[in-house]
Amino acid sequence: MYVKTFLGVNFIILLLYADYRIIVSRNVNMISKFKVEVFVSSDMKDLGLAKNILGMHIMRDRKCGKL
């Protein structure tokens, strides 16, 4: 797990496990910018929103801002 914090409350968390990469942030624009940078330097595909990882189901409550 790699964490990068920025001024204020902005952050990006990069989770790596074998061939899987999950990018987490409250700021969708930061995720998009980060993905562009990573796509240039590696062979990576965007599979969309994560639904499961390591046998755990990921649930989102966008109204409450919770994962």
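K35 touches I23, M44 and D46, leaving aside residues up to four places away in sequence. The lysine sits in helix α1, which covers residues 28-41. Is K35 buried or exposed? With a relative accessibility of 19%, K35 counts as buried, because the cut-off for that label is under 20% relative accessible area. Keep in mind that this is a predicted model.

One of K35's partners, I23, turns up again at the largest pocket. That pocket holds about 1500 Å³ of space. Its lining is made up of 35 residues, and the ones closest to the centre are I22, I23, G48, A50 and R60. Which elements give two or more residues to this lining? They are β2 (11-17), β3 (20-24), α1 and β4. The biggest share comes from β3, with 5 residues. So much for the pocket; a look at the surface comes next.

On the outside, Y17, Y20, L54 and M56 make up a nonpolar patch, and together they have about 500 Å² of accessible area. L54 is worth a closer look. You'll find this leucine in the loop between β4 (52-53) and β5 (56-57). Its phi is near 50°, which is a positive value in a residue other than glycine. L54 counts as exposed because its relative accessibility is 56%, and the label asks for over 50%.

Here are the two residues side by side:

| Residue | Relative accessibility | Class |
|---|---|---|
| K35 | 19% | buried |
| L54 | 56% | exposed |

Now for the whole chain. How many helices and strands are there? The chain has 1 helix and 5 strands, and going along the sequence they come in the order β-β-β-α-β-β. The C-alpha trace spans about 35 × 35 × 20 Å along its principal axes.

Of the 67 residues in the chain, 19% count as buried, and K35 is one of the buried residues. The accessible surface of the chain adds up to about 6100 Å², with 58% of that belonging to carbon and sulfur atoms. As for contacts, take those with a separation of 6 or more: 6% of them join residues 24 or more positions apart.

Technical notes
Residues numbered from 1 in each chain as written. Predicted model: local features only at pLDDT ≥ 70, side-chain atom pairs only at ≥ 80, totals over all residues. Heavy atoms only, no water. Patch = residues over 30% accessible without salt bridge, like charges linked within 9 Å, V, L, I, M, F, W, Y side chains within 5 Å. Areas by Shrake-Rupley, 256 points an atom, 1.4 Å probe, with all protein chains shown as cover. Salt bridge = Lys/Arg side-chain N within 4 Å of Asp/Glu carboxyl O. Helix = DSSP H or I, 4+ residues; strand = E, 2+ residues; numbered from the N terminus. Buried < 20%, exposed > 50% of the residue type's maximum accessible area, 1.4 Å probe, protein only. Contact = heavy atoms within 4.5 Å. 1 Å grid on protein atoms, 1.4 Å probe; cavity = no way out; pocket = protein on both sides within 12 Å on 5 of 7 lines; lining within 4 Å. Points joined across faces, edges and corners; volume = space filled by probe spheres on them.
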